[in-house]
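Load the model, keep a cartoon view to begin with, and have the selection tool ready. The stops below go from one strand pair out to the whole chain.

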Amino acid sequence: MSQMIKVGMADLKICKAPDAVTTLGLGSCVGVAIRDPQTKIGGLAHVMLPDSTLIQNNSNIPKFADTGTKELVRLLVEAGANKSRLVAKIAGGAQMFQFQNSNDLTSVGERNVQSVKKVLGELKIPILAQDTGLNYGRTVEFFPETGDYVIKSVGKPQKTI
């Protein structure tokens, strides 16, 4: 019987099909879902901030887009995924408050998305789909068996990317 594994904020988890991973309340945070389509090993990171180098004494690796994305890839490979086959989908990075604008340092969501894309590009992991930005939160479920990334938002139809 398959299990739905919960990923907390500033956390990451990996699993093997038929298990799946989920995280609640992606506002400005980004859910980075990565899988190996052949081994069906996948995982999800719930990253909160774009850059770990701006924080001193950082011990929470999954909290940041740069370190969390790399750690997720490391754990997937350690579990048997092949790095050259990894593919990603991302969701979140919303602008949750009206006073934010693109020039504002508080537009954390947009910076999180940019940082995740940069790291995935450096790791040569293609992004197959994304549901990012706008002004609403998301809850996501990721199924490594199929690659389906289900996105649920209050007042919006459920979508699968």
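Which residue in β3 does Met4 stand opposite? Select Met4 and look across to β3: the residue facing Met4 there is Ala20. Keep in mind that this is a predicted model.

**Stop 1: the open sheet**

Extend the selection to β1, residues 4-6, and to β3, residues 20-26. These two strands run parallel and are joined by three bridges. Strands of a sheet pair through backbone hydrogen bonds, either parallel or antiparallel. Now add β8, β9 and β10, which complete an open sheet of five strands in the order β1-β3-β8-β9-β10. The pairing in this sheet is mixed. Colour β1 and β10 (159-160) separately: they are the edge strands, each pairing on one side only.

**Stop 2: Thr69**

Select residues 65-78, which form helix α1, and pick out Thr69 within that helix. Is Thr69 buried or exposed? Thr69 counts as buried because its relative accessibility is 0%, below the 20% cut-off. Show side chains for what surrounds it. Apart from neighbours within four places in sequence, Thr69 is in contact with Val32, Ile34, Phe64, Val116, Val119 and Leu120.

**Stop 3: Leu44**

Move to strand β5, residues 41-47, and select Leu44. Leu44 is buried as well, with a relative accessible area of 0%. Draw a C-alpha to C-alpha distance from Leu44 to Val7: the label should read 7.3 Å, for two residues that are 37 apart in sequence.

**Stop 4: cysteines**

Select Cys15 and Cys29. Cys15 counts as buried at 6% relative accessibility, and Cys29 is buried at 7%. How many disulfides are there? With sulfur atoms required to lie within 2.5 Å, the count comes to zero.

**Stop 5: the whole chain**

Zoom out and colour by secondary structure. The protein chain has two helices and 10 strands, and reading along the sequence gives β-β-β-β-β-α-β-α-β-β-β-β. The C-alpha atoms fill a box of roughly 45 × 40 × 25 Å along the principal axes. The radius of gyration is 15 Å, which agrees with the value near 15 Å for a compact globule of 161 residues.

Switch on the surface last. The accessible surface comes to about 8100 Å², with 54% belonging to carbon and sulfur atoms. Buried residues make up 48% of the 161 residues. Of the contacts with a separation of 6 or more, 62% are between residues 24 or more positions apart.

Note on methods. Residues are numbered from 1 along each chain as its sequence is written. This is a predicted model: local features need pLDDT of at least 70, side-chain atom pairs count only at pLDDT 80 or more; totals for chains, interfaces and linings use all residues. Side-chain values use heavy atoms; hydrogens and water are left out. Two strands pair if DSSP finds at least two bridges between them. Helices (H or I, at least four residues) and strands (E, at least two) are DSSP runs, numbered from the N terminus. Buried means under 20% relative accessible area, exposed over 50%, partly exposed in between (1.4 Å probe, protein chains only). Contact means heavy atoms within 4.5 Å. The radius of gyration is taken over C-alpha atoms; the globule rule is 2.2 Å times the number of residues to the power 0.38. Accessible areas come from the Shrake-Rupley method with a 1.4 Å probe; for residues, only the protein chains shown count as cover.
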